[in-house]
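Here is a quick tour of a structure, going from helices to cores to rings to backbone oddities. Keep the viewer open as you read.

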Amino acid sequence: MFHNTYVLTFLAVIKHWQIKPLQLFLMLLGLTTATALWNSVHLINGEAKKAYADAKIISSFSENKMLISKNEKDFDDKFFGELRKNGWPITPRIEGEIKDNKNGVGDIIRIIGIDPLSASNETITKIFQTDLSSDNFLRGYRVILAGPETAKKLSKLTKFKSVQVSNNLPEGYDLTDISVAQNILKKRKKLSSLHIVGQMPENLNAINSRGLKIHLNENNIDLDSLTKSFHLNLTAFGFLSYLVGLFIVYSTISLAFEQRKAILRALRSLGISSTTITGLMLFEILVISFVSGVLGVILSYFLASALLPDVAITLNGLFGAKLKNSLSMNIMFWSSSIGISTIGAVCASAPALWKTSSLNPIESARKIAWYEKTKTNLKYQIVIVLVLLGLIIYLFKFGTGIFNAFLLLGAILISATLILPIFLWFTLSLILKYKFKSPLMRWFFSDSKQQINSLSVSLMALLIALAINVGVGGMVESFRKTFNGWLDQRLVSELYIRTSDINASQTLKTVLDGEVDAILPIVRVSQNISGLPANIYGFEPHQTYEDHWPLIKKRVNAWKEINQNSGLIINEQLSRRLKLGVSDIIEFESRIGKSIRLEILGIYSDYGNPKGQIMLPFELFNKHFPDEPQLRIAIRVSKNSVVRIENILNKKLAPDKIEITNQVDIKNLSTKIFEKTFEITTTLSILTLGIAGMALFTSITTLGENRNSQLAPLWSIGTERKTLALFEILRSLSLSTLTFIFAVPVGLLVVFILTNYVNLEAFGWKLPIFYFPMQWITLCVVTIFVTLFSTCLYSIKLATASPAELLKACQYDT
Amino acid sequence: MIRNLATFIFYAITCLILIIGSANSQNVIKKNKELVIFPIIEQNLLIKFPKDHGSHDQYRVEWWYLTANLKDQNGEPLGLQWTLFRADLEAENRKNGWNNSQIWMGHAALTNRDSHMFHEKIARGGVFQANVTTEPFEAWIDDWYLKGIDWKNLTVSASGKNFKYVLKLEAKGPLVKHGDEGRSIKSSLGLASAYYSQPFFHAQGWIEQDGKRQLVSGSAWADHEWSNQFITDTQDGWDWFSLNFDSGEKLMLFQVREKDQNYYYAGTWMNASGSYPLDPSQILIQPIEPKSDAHYYTNWTIKIKNLNLDIDIEAINPSSKMNTIYPYWEGPISFNGSHSGNGYLEMTGYIN
């Protein structure tokens, strides 16, 4: 009997969803999409974080500086003994990949061969964290260490049976003695690099004569912190979409509450306590959120799978981070996903639940005085907006760092959403000051004004989505425009050539002498400057650079001074991170670790480069980094001769000696990477707009359920149903159009924050802002369509409503 | 400095098999069938030069050892050590490149009254990071070397964190084979090594300590020894002396400490015209209490009855412990009594 009461009460409560299945569907959809978006972003971030952690473990086995062959290929292992004898503190390394073809999967296993005897103590500590005795590592058994899965694959794949599972190694890698690695990789007597474990000798002849060069281990870059901003960016978008999704839940639940008031009051009159009713309604929410959570996980998997390739391309292209194109979901992910869905649903339904618990059974069933309520709400909103404005001003003045940049963005968006109803209120009040000839018109605007409150949540969602779309769209387009122009400047040479060795470079120069306008060799060394990874380029000062190199700040006679070898130019990233400007002195190390101090003559923009960069005129470069071979060469030639020159080079130089890249190909590749980067944000912002559209649809549809009682009097005094339906459409349209008008300046503010704060922190460079009115018009049209679509169902229903229905509504109107 | 455990285990295992020997080396041989195929030093040992200056890869352990008693520019005594050890991890004797089963270890030290600087290097065989060639002679590990056309004229060089040295060595006497034609017995059970010395080097060159360079000169003593095993599991370690008498004569002397206190003694008396092994029953080697630190005796009394030798030995610097992965004590000494002179002392197998 006791149980029966609960069951019956619960059945009475959920009966509502049977009557209004659309409401239930919309709520499930909203919650599912919100959860899915939030989860997919986390799934991607999690996958990336795992990849960074793996990369970090692997790179921790490497030293910061190493010797590699000048042509960056494997080299003779006899150099190791010879160089040690010359006093070079080096440890050898062989690296390579084998393919897991036998299992038909084709996974790549990366083999790393080390010499534990010459490796540094730090490296040895990291490698032998396991129970493995290092003696076994080197003795006849020559153990291979690998992660559990890789160990299984490896045992099947190679004849080496002494594979030992190590939980310290990431999957896909295996670590072993250099002799074993050479065997597995079939690279007998070869080495990939010689890592420097101590103080280098000053005399570099020994390495030069063996065709080796010093190289900075670029894998030691802290990918985690480098990509932090990128992931924060994704998280922010995911959260935004989640929030917009919750608007749907909020508006549906609130409406369902209003509509269920009668039955709830009846239940209370029957003696069922408000606690029981609230508890059962909470249970109902939990069931819904559980279902949404499960659906959200499934949806998020597909969404993340779709986004991951783009993210992988971006992270590889921008930061050199390698991500696998597969996602892994575990029990933690499932539970956190359902948790997120539940927390969201409970938060969004908290106001309705609160009202249920304090529902008075004998309270008169009067309708809410919308107008008064709206006015009171607006007062509260003004107070919150004022507080937020204070925060915004503070952040503008004193905020630094990516977190504050996002906080600023958040504060601006929240303020904007709170200002929106105030804006609509005052706009409509202003319109109402006009003396309308038609009382119907007057009624229309007055009615719209009083509807602000009930529609405000979905309009706010729409505002956020529109502002984000205007903002992100503006940023992406600004970037595209700037980047393309910048690429034209930077990649001015028609051909970019890489040779295998110095002889090939020499042949190339001889062959092209007199055939082309200019031969511009470029050399590069890597180094950490004040802890920041940077590349130092040596270049031949030439009119080409003077005419095209995109200097954003410079000394008056910068190029003249460069020609006189009086200083250097650096990229914007380095300038911002080291807080160095034109005429400041930059300090870095020569090849043998001696301090170099040179004056900065100019700063150039360098979009898409996560690293710092220095451009040194050749003469200075050679002084500090002598004998660096010129293996990269840019060629200036008239556009018509490009093919002819390519043919000459291909004829005179063997394919393994030369690699020719066309300017157009490089431009396409660079553009592709950035397209992918922004494709992710664009996709997320469009999805946000989609959810906002759904929120609007939900609000309008559910509001329509109550509208008959307000519209019936108008019908009774002679207004046609079609006219009323048209008015309803116009009302929604005018409110969403006003929202759009308000969203444009907010969106521009978003662009401003994104380019001046977020991007600056995330990538280290600042973009010029351009305006794209065509984009806004497109968005406006999309908004109109979304609104029309949202209203049409309800309007058709109204236009075709039977007189009996409207009469009934009149009858109950109080 | 606390070294990480893994490195320590690794080095320790390597060193267990190395020269210093250990209490359980006999067990290793018995238990591990692989190891028994290392040959032993036969009675009919025939040492030939220059071939035998080189590496004897068929034997498990080998070393080239140089110690020098020098005087600095102020006439202060100074000791110098340069050692290259070779050990094979496996009896299979793998030689193929990185697959090589040999481990090489180098020790260098510079000792005066106030300081004892040392450095250690380790390398694998087969990749020429360390090796020994005979014609011309060159023993090296990284950029440390002991080399020359033959053993008459050698150059030695090594460097550590705060020191560096280069010495030219000129032999003023013949090479000396210890024991029976170089077969030097180490225990009453007949365990032996092949062992010869060049104790008559005149040394001249420079040293650098904490960036300050100065010229030095004096005498130097080179040893070359190889075997499958140096001590048995009933033995703890040894105390080894190389003594340069003011008369120009030389004495090599050691005791291998048996666990049952029944020590094994051996020695060789040398001068420019010849040499002969000592009668073990005539040798008395006694430490003088107290120990210089918790582990090592740095004052000794040596008596050789039939030579009327009775001397007291004192370390130039009692803190000459080689705090390498497998620690031992090695440093210059001076002695007085019936005879006077200088030399080197090595103590191994003490509890550290």
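## A bent helix and a short one

Where in helix α12 of chain A does a kink lie, and about how many degrees is it? Bear in mind that this is a predicted model. The kink sits at Ala350(A) and comes to about 50°. The proline Pro351(A) follows shortly after that point, and the helix as a whole takes in residues 331-357. Plenty of side chains to look at here: the buried residues of α12(A) include Phe333(A), Ile338(A), Ala345(A), Ala348(A) and Leu353(A). Small polar residues turn up on that list too, among them Ser337(A), Ser341(A), Thr342(A) and Thr356(A).

Now jump back to helix α3 of chain A, residues 78-85. Phe79(A), Phe80(A), Gly81(A), Leu83(A) and Arg84(A) are buried there. After α3(A) comes Gly87(A), with a positive phi near 90°.

## Two nonpolar cores

The largest nonpolar core counts 112 residues, and Tyr545(A), Trp549(A), Trp559(A), Ile569(A) and Met615(A) have the most contacts inside it. Its top contributor is helix α15 of chain A (residues 439-490), which supplies 23 residues. Another core, of 43 residues, lies apart from that one, and Trp64(B), Leu66(B), Ala139(B) and Leu146(B) are among its members.

Click on Met615(A) for a closer look at the largest core. Setting aside neighbours within four places in sequence, Met615(A) touches the aromatics Tyr537(A), Phe539(A), Tyr545(A), Trp549(A) and Tyr604(A). Leu568(A) and Ile569(A) are also in contact with Met615(A).

## Rings and charges

How many aromatic pairs are there over all chains? The count is 32. In one of them, Phe539(A) and Tyr545(A) meet edge-to-face, with 4.8 Å centre to centre and 65° between the planes. Both partners are tucked away: Phe539(A) is buried at 0% relative accessible area, and Tyr545(A) is buried at 7%. Elsewhere in chain A, Tyr434(A), Phe436(A), Trp443(A), Phe444(A), Phe445(A) and Phe727(A) make up one aromatic cluster.

Charged side chains get in on the act as well. Lys85(A) lies over the face of Trp140(B), 3.6 Å from the ring centre, so here a residue of chain A meets one of chain B. Within chain B, the charged end of Arg257(B) sits over the ring of Tyr350(B), at 3.7 Å from its centre.

## Cysteines

How many disulfides does the structure hold over all chains? The number is 0. If you have cysteines in mind, here are two to find in chain A: Cys780(A) counts as buried because its relative accessible area of 18% is under the 20% cut-off. Cys792(A), at 30%, is partly exposed.

## Backbone oddities

Most residues other than glycine have a negative phi, and most peptide bonds are trans. Which peptide bond has an omega of about 5°? That is the cis bond joining Phe49(B) and Pro50(B); Pro50(B) falls in the loop between α2 and β1 of chain B. Glu135(B) and Pro136(B) are also joined by a cis bond, with omega about -5°, and Pro136(B) lies in the loop between β5 and β6 of chain B.

Two non-glycine residues with positive phi are worth a click. Lys189(A) has phi near 60° and lies in the loop between α7 and β8 of chain A, where it is exposed at 56%. Glu181(B) has phi near 55°, is found between β10 and β11 of chain B, and is partly exposed at 48%.

Note on methods: Residues numbered from 1 in each chain as written. Chains lettered and ligands numbered in written order. Predicted model: local features only at pLDDT ≥ 70, side-chain atom pairs only at ≥ 80, totals over all residues. Heavy atoms only, no water. Core = buried A, V, L, I, M, F, W, Y, C linked by side-chain atoms within 4.5 Å. Buried < 20%, exposed > 50% of the residue type's maximum accessible area, 1.4 Å probe, protein only. Helix = DSSP H or I, 4+ residues; strand = E, 2+ residues; numbered from the N terminus. Contact = heavy atoms within 4.5 Å. Disulfide = S-S within 2.5 Å. Phe/Tyr/Trp six-rings, centres within 6.5 Å; stacked < 30°, edge-to-face > 60°. Lys NZ or Arg CZ within 6 Å of the ring centre and 35° of its normal. Bend = angle between axes of the 7 residues up to and from the residue.
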